[in-house]
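Colleague: I've got a protein model on my screen and I'm new to this. Could you walk me through how to read it?

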Amino acid sequence: MDVSGLSSQQKVAEWARLNRTNPFNMGAKNYQRCLWDLKLGGKYHELEYNGDGSLKYQ
């Protein structure tokens, strides 16, 4: 995922799109993991997915 040149909000939106979740309602643990992955702070949490491949709300 090349997110160079994007704003933090755009980076979060792209991460959410790739993980098939709503960037505005993904759950606190998922949001923290998103920030961690994007090196914007956050905290590492294991990601869990639904049977259809979308990210579980957590």
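Modeller: Sure, let's start with a term: helices and strands here are DSSP runs, numbered from the N terminus. Keep in mind that this is a predicted model. With that naming, Gln58 sits in the segment after H2.

Colleague: How many helices and strands are there in the protein chain?

Modeller: The protein chain has 2 helices and 0 strands.

Colleague: And what does the radius of gyration tell me about the chain?

Modeller: You compare it with a rule for globules. A compact globule of 58 residues would come out near 10 Å, and the protein chain has 11 Å, so the two agree. For the outline, the C-alpha trace spans about 35 × 20 × 20 Å along its principal axes.

Colleague: Now the inside. Which residues make up the largest nonpolar core?

Modeller: The general idea is that in soluble globular proteins, nonpolar side chains tend to be buried together. Here the largest nonpolar core has 9 residues: Val12, Trp15, Ala16, Met26, Cys34, Leu35, Leu38, Leu47 and Leu55. Two elements, helix H1 (8-18) and helix H2 (28-37), each give two or more residues to this core. H1 gives the most, with 3 residues.

Colleague: What does Leu47 touch, leaving out residues up to four places away in sequence?

Modeller: Contact means heavy atoms within 4.5 Å. On that basis Leu47 touches Trp15, Asn19, Asn30, Arg33, Leu55 and Gln58.

Colleague: Which residues of H2 are buried?

Modeller: Those are Asn30, Arg33, Cys34 and Leu35. H1 is part of what covers the buried residues of H2. Over the protein chain, buried residues make up 31% of the 58.

Colleague: Let's try the loop between H1 and H2. Is Thr21 buried or exposed?

Modeller: Use the cut-offs: buried is under 20% relative accessible area and exposed is over 50%. Thr21 has 17% relative accessibility, so this residue counts as buried. Thr21 is in the loop between H1 and H2, and touches Ala16, Met26 and Leu55, not counting residues up to four places away in sequence.

Colleague: What about Phe24, buried or exposed?

Modeller: Phe24 is exposed, because its relative accessible area is 78%. Phe24 lies in the loop between H1 and H2 too. From Ala13, Phe24 is 11 residues away in sequence and 8.5 Å away in space, C-alpha to C-alpha.

Colleague: How should I read phi, and which residue just after H2 takes a positive value?

Modeller: As a rule, most residues other than glycine have a negative phi. Just after H2, Lys39 takes a positive phi of about 60°, although Lys39 is not a glycine. With a relative accessible area of 73%, Lys39 is exposed. Arg20, in the loop between H1 and H2, is not a glycine either and has a positive phi of about 55°. Arg20 is partly exposed, at 48%.

Colleague: Back to Gln58. How far apart in space are Gln58 and Asn25?

Modeller: Sequence distance and space distance are separate things to check. Gln58 and Asn25 are 33 residues apart in sequence and 9.7 Å apart in space, C-alpha to C-alpha. Setting aside neighbours within four places in sequence, Gln58 contacts Met26, Gly27, Ala28, Lys29, Asn30, Glu46, Leu47 and Glu48. For the protein chain, take the contacts between residues at least 6 apart in sequence: 38% of them join residues at least 24 apart.

How values were computed. Residues are numbered from 1 along each chain as its sequence is written. This is a predicted model: local features need pLDDT of at least 70, side-chain atom pairs count only at pLDDT 80 or more; totals for chains, interfaces and linings use all residues. Side-chain values use heavy atoms; hydrogens and water are left out. A nonpolar core is a set of buried Ala, Val, Leu, Ile, Met, Phe, Trp, Tyr and Cys residues joined through side-chain atoms within 4.5 Å. Buried means under 20% relative accessible area, exposed over 50%, partly exposed in between (1.4 Å probe, protein chains only). Helices (H or I, at least four residues) and strands (E, at least two) are DSSP runs, numbered from the N terminus. The radius of gyration is taken over C-alpha atoms; the globule rule is 2.2 Å times the number of residues to the power 0.38.
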